[in-house]
Amino acid sequence: ARLGPGDGLRQGHIPPSAAGVHRQILFATVGWFVGYYLVKRTDYVHAKLDRELFEYVRQHPEDFKAAEKKRIGELLEDFYPVR
């Protein structure tokens, strides 16, 4: 007997559209949980870093003086069109 693609599915009387659906559901679920954990971990690491930096800024105000306010015209360079 010659075996071709999909013959294993046909022998088990499983329609090709239903084959492997359980794996897709499993991997989607596992991926969701792993992604959820990684997002929570990333949020925790960034929050911890923010706390440490804000605490450092609070303890060393002389290193972080407020800059004087400038107008937008002082920040931008003059525009000279090139032809």
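Good morning. The pLDDT is the predictor's confidence in each residue, on a scale from 0 to 100. I begin there because the model before us is a predicted one. For this chain the mean pLDDT is 86, and 77% of the residues reach 70 or more. Confidence is lowest in helix α1, residues 7-11, with a mean of 57, and highest in α2, with a mean of 96. Where pLDDT is low, the predicted coordinates should not be read in detail. I shall therefore say little of helix α1, given its mean of 57.

Let me turn to the overall architecture. The chain contains 3 helices and 0 strands, and its pattern along the sequence is α-α-α. Of its 83 residues, 2% count as buried. The accessible surface amounts to about 8600 Å², and carbon and sulfur atoms account for 61% of that area.

Much of what follows concerns helix α2, which spans residues 21-59. The UniProt record, an unreviewed entry, places a "transmembrane region" at residues 20-39; such annotations may be inferred rather than shown by experiment. In the model, residues 20-39 are 95% helix and 0% strand. The C-alpha atoms at the two ends of that segment lie 28 Å apart.

Which residues make the nonpolar surface patch? They are L26, F27, V30, V34, Y37 and L38, and together they give a patch of about 610 Å². V30, one of these residues, belongs to helix α2. Its relative accessibility is 44%, so V30 counts as partly exposed.

I come now to the aromatic side chains. The structure holds 3 aromatic pairs. In one of them, the ring centres of W32 and Y36 are 5.4 Å apart and the planes meet at 15 degrees, so the pair is stacked. Why are W32 and Y36 about one helical turn from each other? They are separated in this way because they stand 4 residues apart in helix α2. With a relative accessibility of 53%, W32 counts as exposed, while Y36, at 44%, is partly exposed. Another pair joins Y56 and F64: the centres are 6.1 Å apart and the planes lie at 85 degrees, so this pair is edge-to-face. Y56 is partly exposed at 39% relative accessibility, and F64 is also partly exposed, at 43%. I would add that W32, F33 and Y36 form one aromatic cluster.

Finally, the charged side chains. Side chains of opposite charge can pair when their charged atoms come close. How many salt bridges does the count give? The count comes to 1 salt bridge. R58 forms a salt bridge with E55, and the closest N and O atoms are 2.5 Å apart. That distance satisfies the criterion, because a side-chain nitrogen of Lys or Arg must be within 4 Å of a carboxyl oxygen of Asp or Glu. Both R58 and E55 lie in helix α2, 3 residues apart, which is about one turn of the helix. Are the two partners buried or exposed? R58 counts as exposed, with 57% relative accessibility, whereas E55 is partly exposed, with a relative accessible area of 31%.

To summarise, this is a predicted model with 3 helices and 0 strands. Helix α2 carries the stacked pair of W32 and Y36, and the salt bridge between R58 and E55 also lies in that helix. Thank you for your attention.

Technical notes: Residues numbered from 1 in each chain as written. Predicted model: local features only at pLDDT ≥ 70, side-chain atom pairs only at ≥ 80, totals over all residues. Heavy atoms only, no water. Buried < 20%, exposed > 50% of the residue type's maximum accessible area, 1.4 Å probe, protein only. Areas by Shrake-Rupley, 256 points an atom, 1.4 Å probe, with all protein chains shown as cover. Patch = residues over 30% accessible without salt bridge, like charges linked within 9 Å, V, L, I, M, F, W, Y side chains within 5 Å. Phe/Tyr/Trp six-rings, centres within 6.5 Å; stacked < 30°, edge-to-face > 60°.
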